[in-house]
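Please look through the model below before reading on, keeping in mind that it is predicted. The paragraphs that follow take up a pocket, then a sheet, and then a set of paired strands.

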Amino acid sequence: MHVSIVSPEKKVWEGEADMVVARSPEGEFAILRGHIPFLAALVPASVRVTSGSSRDAFFVSGGVLEASGSMDDYHVIVLADDAETADDITLEEARQRVEEARRRADDRDERAEAELRVALARAGFAEQESR
């Protein structure tokens, strides 16, 4: 199946894959070729793309995943608010963002609290990918 991961700034990844795993507010899900048409909101978490023995991981801060098409022309599109490859994120920098977001969240601002949730998810992704 054809997979595209895009953000407003750039195309982050595009290629053929066997499986895509992502997370919605209801929990983690996987898409394989031929899955019923599917549309899901994405929460801050990883999106993993598997092709044979190859696995690519991306962090998305939110967005939408759409999957549809015939067996011969099946596609998955991830429209991410922001998307980064695992190589783009260092654990140290991710932890620094968490601390900055915590300081801003102390003001009880809803936007700052949302930024903190994204920063925490990003740091968790960086920690998992650094193993």
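By class, how many nonpolar, polar and charged residues does the lining of the largest pocket have? In this predicted model, the lining comprises eight charged residues, four nonpolar ones and one polar one. These make up the 13 residues that line the largest pocket, and those lying nearest its centre are R97, R104, E115, V118 and A119. Two elements, α1 (91-105) and α2 (110-129), each give two or more residues to this lining, and α2 gives the most, with five residues. The space that lies in the largest pocket comes to about 220 Å³.

From the pocket we can turn to the strands. Five of them form an open sheet with mixed pairing, and reading across the sheet the order is β2-β1-β9-β8-β5. The two strands at the edges are β2 (11-16) and β5 (38-42), and because each has a single partner strand, one side of each is left without a neighbour in the sheet. On average, and with direction ignored, neighbouring strands of this sheet are turned by 10° against each other. At the β2 end of the order, the partner is β1 (residues 2-6), and the two strands pair in the antiparallel sense over five bridges. A reader who wishes to locate this pairing in the coordinates can begin from S4, whose bridge partner in β2 is E14.

A further group of pairings involves strand β6 (residues 45-51). Is this strand largely enclosed by the rest of the structure, or left open? Six of the seven residues of β6 are buried, that is, under 20% relative accessible area, so the strand is largely enclosed by the rest of the structure. Its pairings can be followed strand by strand. Strand β3 (residues 19-24) runs antiparallel to β6 and is joined to it by three bridges, and within this pairing V20 stands opposite V49 of β6. Strand β7 (residues 54-60) also pairs with β6 in the antiparallel sense, here over seven bridges, and V47 stands opposite F58 of β7. β6 and β7 form a hairpin that has two residues between the strands, and in this hairpin G52 takes a positive phi near 60°.

Taken together, the description passes from a pocket whose lining has eight charged residues, through an open sheet of five strands, to strand β6, which has antiparallel pairings with β3 and with β7.

Methods. Residues numbered from 1 in each chain as written. Predicted model: local features only at pLDDT ≥ 70, side-chain atom pairs only at ≥ 80, totals over all residues. Heavy atoms only, no water. 1 Å grid on protein atoms, 1.4 Å probe; cavity = no way out; pocket = protein on both sides within 12 Å on 5 of 7 lines; lining within 4 Å. Points joined across faces, edges and corners; volume = space filled by probe spheres on them. Helix = DSSP H or I, 4+ residues; strand = E, 2+ residues; numbered from the N terminus. Nonpolar A, V, L, I, M, F, W, Y, C, P; charged D, E, K, R; others polar. Pairing = 2+ DSSP bridges. Axes fitted to C-alpha atoms, helices over the stretch in contact; angles between N-to-C directions. Buried < 20%, exposed > 50% of the residue type's maximum accessible area, 1.4 Å probe, protein only.
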